[in-house]
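Me: Could you take a close look at a single part of this model for me? I would like to begin in a loop and then follow the chain into the helices, with cut-offs stated as we go.

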Amino acid sequence: MKSFRDKRRDGRPHPAKSGTVQPRQAENRSAVKPDARPREQHNVKPENRFEPKSAPRILARREGALPAEHLPVILEVAPNADYALLDSGAGQKLEQYGPYRIVRPEGQAIWQKALPARDWERADAIFTGDTDEEGIGRWRFPKTPLGETWPMKHDGIDYLGRFTSFRHVGVFPEQASHWDHMADLIAAARRPVKVLNLFGYTGLASLVAARAGAEVTHVDASKKAIGWARENQEMAGLGAKSIRWIVDDAVKFAEREERRGSRYDIILFDPPAYGRGPKGEVWQLFEDLPDLTDLCRSILTPKPLAVVLTAYSIRASFFAIHALMRDTFAGMGGKVESGELIIREKSVGRALSTSLFSRWVA
């Protein structure tokens, strides 16, 4: 499915617009490992052959004890040299991405700005216009006009920041906690690890996994997003790493992997609240998430490491996805950790919550 993160971040349910591309992800702190495994071809081959509509998945409650639980878990990203949330308030946020200060809308920032107006006025780029009422939004550059992309870095991984018409910049820094956790799991496994990144956007999570030594399959319904991801792979100097870039509907791809017997040790999935696939498939989070979560369990290896679910701007508590994950992974042991991803503000230390998450760890 294409991810409508511009819509899900403002917390309001909206109908999808055709042509909207999915945004989001990036990085790792473990040392680079030589990749001695045979590498797959890197050419993108969209899986667009005709298939009959899938029959509804029959769900039955799993037998066995529920996994242990840990909640609430607050995963925090603090300001660093690559990224910082400088200030927020009055429905906006002021961020530092590498050399640039950027102002964007932020519906959850219902408090008042802490920094004086002169600090906000020093912004290099400001997103203007509401994507629902005025069509595609625009960026305003108060100083020097900037190009569409600029070089960025996260934990030593180079990538391209990008000014999109949906107010995103090609990376979601709050995900760094998940990236680090995943990299640690890959390094600790001391064996070949296969990672599936569904709704992968511009590929930074996939680059983190590949740098840590995993064999990665990255799936996104947006051909444009896959193109950005491949650019980031080259920008990061990870062109020799084993990453398959797949343009496809995430659910359809996972269903085919189940039939083919393909299995993964780590699965990341970050579905939109609402979306449409490349052939008009409709995704509604509360209706379709149980099926996809069950499907993810079915394509795990016999000795899996983790499954990570992130949910943006949904009208629910993290307890809802926590209970879903525990039920789905009943009988598999391990632990389910759930809570929120937050970014810690640099100005006065307030926490900006960006999303809910739940992850099963073996």
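Reply:
**From a loop into the buried helices**

Gladly! Arginine 167 sits in the loop that runs between strand E8 (157-162) and H3; helices here are DSSP runs of H or I with at least four residues, strands are runs of E with at least two, and both are numbered from the N terminus. Before going on, please keep in mind that this is a predicted model: local features need pLDDT of at least 70, side-chain atom pairs count only at pLDDT 80 or more, and totals for chains, interfaces and linings use all residues. Residues are numbered from 1 along each chain as its sequence is written, and side-chain values use heavy atoms, with hydrogens and water left out.

Arginine 167 has a backbone feature to look at: its phi is positive, about 70 degrees, although the residue is not a glycine. Its relative accessible area is 10%, so arginine 167 is buried (buried means under 20% relative accessible area, exposed over 50%, partly exposed in between, with a 1.4 Å probe and protein chains only).

Further along the chain, phenylalanine 199 has a positive phi too, about 60 degrees, and is not a glycine either. Phenylalanine 199 lies in the loop between E9 and H4. With a relative accessibility of 1%, phenylalanine 199 counts as buried.

That loop leads into helix H4. Eight of the eight residues of H4 (residues 204-211) are buried, so the helix is largely enclosed by the rest of the structure. The buried set runs through Leu204, Ala205, Ser206, Leu207, Val208, Ala209, Ala210 and Arg211. Just after H4 comes glycine 213, with a positive phi of about 110 degrees.

Now for the part that I would zoom in on, helix H6. Of the eleven residues of H6 (residues 250-260), eight are buried, so this helix too is largely enclosed by the rest of the structure. Those buried residues are Ala250, Val251, Lys252, Phe253, Ala254, Glu255, Arg256 and Glu257. The list includes charged side-chain types by name, among them Lys252, Glu255, Arg256 and Glu257.

What covers the buried residues of H6? The cover includes strands E9 (194-198), E10 (215-220), E11 (243-247) and E14 (282-284), together with helix H7 (285-298).

Both ends of H6 are worth a click. At its start, a side-chain oxygen of aspartate 249 comes to within 3.2 Å of the backbone nitrogen of valine 251. After H6 comes glycine 261, with a positive phi near 80 degrees.

The partner helix H7 deserves its own view. The axes of H6 and H7 come within 10 Å and cross at roughly 35 degrees; axes are lines fitted to C-alpha atoms, for helices over the stretch in contact, and angles run from 0 to 180 degrees between N-to-C directions. From H6, Val251, Ala254, Glu255 and Glu258 make the contact, and from H7, Leu292, Leu295 and Ser298 (contact means heavy atoms within 4.5 Å).

Shortly before H7 there is tyrosine 274, which belongs to strand E13 (residues 274-276). Tyrosine 274 counts as buried because its relative accessibility is 18%. Between tyrosine 274 and leucine 285 there are 6.2 Å in space, C-alpha to C-alpha, while the two are eleven residues apart in sequence.

Next, the nonpolar cores. The largest has 47 residues, and Ile186, Val195 and Ile266 have the most contacts inside it; such a core is a set of buried Ala, Val, Leu, Ile, Met, Phe, Trp, Tyr and Cys residues joined through side-chain atoms within 4.5 Å. Helix H3 (residues 176-189) gives the most to this core, with seven residues. A second, separate core of 32 residues includes Leu198, Ile246, Ile267 and Phe269.

Two other sites merit a stop. The peptide bond from leucine 71 to proline 72 is cis, with omega near -5 degrees, and proline 72 is in strand E1 (residues 68-77). Glutamate 106 lies in the loop between strand E4 (100-105) and helix H2 (117-120), and at 7% relative accessibility it counts as buried. Leaving out residues up to four places away in sequence, glutamate 106 touches Gly91, Gln92, Lys93 and Leu352.

Finally, the whole chain. Its secondary structure comes to eight helices and 17 strands, and 55% of its 362 residues are buried. Among contacts with a separation of 6 or more, 70% join residues 24 or more positions apart.

Methods: A polar contact is a pair of N or O atoms within 3.5 Å; within protein, one must be able to donate a hydrogen and the other to accept it, and residues adjacent in sequence count only if both atoms are side-chain atoms.
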